[in-house]
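The following exercises concern helix packing, burial and aromatic pairs. Each task is followed by a stepwise solution.

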Amino acid sequence: VARPLNVPFVLFVASLCSMLFSVDNFIVAVTFQMIYSAVNDLAVSLMNELIGTSIPSEKFKYYQGIGQWLRRLGNMVTAILGPIFFGIDERLPFLFFGAIVFVWAVMLWFLMYMHADRIQQSIAYTSSESDEKDEGENKSCIAESVVEPFVPFLETSSTPWHVLEQRYYSLNK
């Protein structure tokens, strides 16, 4: 998995664990709660690292502060709505907030996809452009639709994300 996709993948796992915590089996619920706790902390660390390497250093404090503020705001909303939802149905808070995290992960993936696509269009890679044209003739329609969400991120397997972003920003000042 390309480095920028680590955050959405971890968020997908966290959202599914939150929703599966509502399973009516103690061992299953505890297992998914433990997995959720681990990936939740991992998601925060990965997001901080992604912010730190993806934006100019003079803007880091601002965006880091906004990110922490939004996270705390989410914690407050969860603390207020969780008991209310629990009063309606014991599974509702886990399903509701898990679904919100899932939608957030999809939105994050989409935004990062659009950004990676802009980077790829902006930076000329002559050797990879000719390879893509040759490979495109041999792919089936199903294979293309499965691979499409990953295509702009393929370059990050050989060149770190932050290096691609630096090239992009230096070309588009």
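**Exercise 1.** Leaving aside its neighbours within four places in sequence, with which residues is glutamine 64 in contact?

*Solution.* This is a predicted model, in which local features need pLDDT of at least 70 and side-chain atom pairs count only at pLDDT 80 or more, while totals for chains, interfaces and linings use all residues. Residues are numbered from 1 along each chain as its sequence is written, and side-chain values use heavy atoms, with hydrogens and water left out.

Step 1. Locate the residue: glutamine 64 belongs to helix α3. Helices are DSSP runs of H or I with at least four residues, numbered from the N terminus.

Step 2. Apply the contact criterion, heavy atoms within 4.5 Å. Beyond the excluded neighbours, glutamine 64 touches Asn48 and Ile51.

Step 3. Classify its burial. The relative accessible area of glutamine 64 is 16%, so the residue is buried (under 20% relative accessible area, with a 1.4 Å probe and protein chains only).

**Exercise 2.** Describe how α3 and α4 pack, and state the character of their contact.

*Solution.* Step 1. Two packed helices are described by the angle between their axes and the distance between the axes. The axes are lines fitted to C-alpha atoms over the stretch in contact, and angles run from 0 to 180 degrees between N-to-C directions.

Step 2. For α3 (residues 57–88) and α4 (residues 92–122), the angle is about 135° and the axes are 7 Å apart. The two helices are therefore oblique to each other (neither under 35 degrees, nor over 145, nor 65 to 115).

Step 3. Val77, Thr78, Leu81, Gly82, Phe85, Phe86 and Ile88 of α3 meet Leu92, Pro93, Phe96 and Phe97 of α4. These residues comprise nine nonpolar, two polar and no charged (Ala, Val, Leu, Ile, Met, Phe, Trp, Tyr, Cys and Pro are nonpolar; Asp, Glu, Lys and Arg charged; the others, Gly among them, polar).

**Exercise 3.** How is the aromatic pair of phenylalanine 12 and tryptophan 109 arranged, and which parts does the pair tie together?

*Solution.* Step 1. The structure holds eight aromatic pairs (ring centres within 6.5 Å; planes under 30 degrees apart are stacked, over 60 edge-to-face, the rest tilted).

Step 2. Phenylalanine 12 and tryptophan 109 are 6.3 Å centre to centre with 45° between the planes, a tilted pair. Phenylalanine 12 lies in helix α1 (residues 6–20) and tryptophan 109 in helix α4, so the pair joins parts 97 residues apart in sequence.

Step 3. Phenylalanine 12 counts as buried at 17% relative accessibility, as does tryptophan 109 at 12%.

Step 4. Phe9, Phe12, Phe102 and Trp109 make up one aromatic cluster.

Notes. Buried < 20%, exposed > 50% of the residue type's maximum accessible area, 1.4 Å probe, protein only. Phe/Tyr/Trp six-rings, centres within 6.5 Å; stacked < 30°, edge-to-face > 60°.
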